[in-house]
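Let's take a walk through this model together, from its inside to its surface. Please have the viewer open and follow along.

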Amino acid sequence: MHWLQALILGLVQGLTEFLPISSTAHLRVVPHFLGWDDPGAAFSAVIQLGTLAAVFAYFTADVKRLVVAALQGVVHRNFNHSPDCRMAWSIAVGTIPIAVLGLGGRDFIETEARQLPLIAASLIVLALFLILAERVGRRERTMQDLGFWSIQFIGLCQALALIPGCSRSGSTIMGGLFVGLQRADAARFSFLLGLPAIGASGLLQLFALLEGGLGGAGLLSLGLGILAAAVSGYLSIGFLLRFLQRHGTYSFAAYRILLGGLIFYSLYG
């Protein structure tokens, strides 16, 4: 991959990872419309390490608090030692669905699931569920109000992100709204819940690429993609949190439907 393509795709990854519009879909669709080859599932997963760094940078205090609380739970042999301890270990358990399904369906996810018709359909279907979540969600709870089973439900919703086009942030924000979270808290929790899954997936694919041999040019392109994703991802986090405090997810749902329709038109119109 040319370094300029990697830089552009890194910017796309960072700008779309945290918005509920599917970064994976955009990393597949942008090359489609520009006439580039599909960058592949491995590249898409590895440059997520840039957005992972953005979350750590933006939510440093939250991450430190949860890590300390988790360790205190181990020391006291009580995972319900404090609200933060309970949340930290619930997040760990809530990551299991996406980990199990991701490993079990890896071949499908990296090949057939990247077909543009499936991506377009996923964009539209999840948009409809986002609209439904906006309509029925009470939006009365904060992250600290989440119980174990609410977190597990959101974790199951996160597993939908294995289907390109569904969006990890979109599916988890949807799940948060369904269990009554306020919009901004649903977004914040989706960032924290995604840390283990994004980190594990990105590192797994990075080791696979390194074993295959990237060469100097490949490492440069990959590094630029990760750096661009980190910077643009950090900026998109702040934008989304401010936006959701004043508006809902309807505009993102409308964008998803329009993009899905555009993909279908480009293929069959």
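Which residues does F243 touch, not counting residues up to four places away in sequence? Keep in mind as you look that this is a predicted model. The answer is G248, S251 and F252. F243 itself belongs to helix 13, which covers residues 215-246. You can also step across from here to R183: the two are 60 residues apart in sequence, and their C-alpha atoms are 9.6 Å apart in space.

Now let's turn to the interior. In soluble globular proteins, nonpolar side chains tend to be buried together. Here, the largest nonpolar core has 51 residues, and those that touch the most other members are F59, F189, F191, L192, I237 and L240. Helix 12 (residues 183-212) supplies the largest share of this core, with 9 residues. For a close look, centre your view on F189: leaving aside residues up to four places away in sequence, F189 touches M87, I91, M143, L146, I151 and I154. There is also a second, separate core, made of 8 residues, and among them are L116, I119, L123 and I263.

Charged pairs come next. Side chains of opposite charge can pair when their charged atoms come close. The count for this model comes to 9 salt bridges. One of them joins the side chains of E17 and R168, at 3.5 Å from N to O. Because E17 sits in helix 1 (residues 3-17) and R168 in helix 11 (residues 168-178), this pair ties together parts that are 151 residues apart in sequence. Both E17 and R168 are buried.

A further salt bridge links R114 with D38, and their closest N and O atoms are 2.7 Å apart. R114 lies in the loop between helix 8 (106-110) and helix 9, while D38 lies in the loop between helix 2 (23-34) and helix 3 (40-46), so this pair ties together parts that are 76 residues apart in sequence. The partners are covered to differing degrees: R114 has 4% relative accessibility and so counts as buried, whereas D38, with a relative accessible area of 32%, is partly exposed.

R139 is worth a stop for two reasons. First, R139 forms a salt bridge with E134, with the closest N and O atoms 3.5 Å apart. E134 counts as buried because its relative accessibility is 4%, while R139 counts as partly exposed at 31%. Salt bridges that share partners also build a network, joining D62, R65, D84 and R188 into one.

The second reason is the backbone: R139 has a positive phi of about 55° although it is not a glycine. You will find R139 in the loop between helix 9 and helix 10 (148-158). R77, also not a glycine, has a positive phi of about 55° too. R77 lies in the loop between helix 5 (60-75) and helix 6 (83-94), and its relative accessibility of 80% is why it counts as exposed.

Let's finish on the outside. Where on the surface do nonpolar residues gather? V125, F129, L132, V136, F153 and F178 form a nonpolar patch there, with about 500 Å² of accessible area together. Helix 9 (residues 116-136) gives the most to this patch, contributing 4 residues. V136 is one of the patch residues, and V136 lies in helix 9.

How values were computed: Residues numbered from 1 in each chain as written. Predicted model: local features only at pLDDT ≥ 70, side-chain atom pairs only at ≥ 80, totals over all residues. Heavy atoms only, no water. Patch = residues over 30% accessible without salt bridge, like charges linked within 9 Å, V, L, I, M, F, W, Y side chains within 5 Å. Areas by Shrake-Rupley, 256 points an atom, 1.4 Å probe, with all protein chains shown as cover. Salt bridge = Lys/Arg side-chain N within 4 Å of Asp/Glu carboxyl O. Helix = DSSP H or I, 4+ residues; strand = E, 2+ residues; numbered from the N terminus. Core = buried A, V, L, I, M, F, W, Y, C linked by side-chain atoms within 4.5 Å. Buried < 20%, exposed > 50% of the residue type's maximum accessible area, 1.4 Å probe, protein only. Contact = heavy atoms within 4.5 Å.
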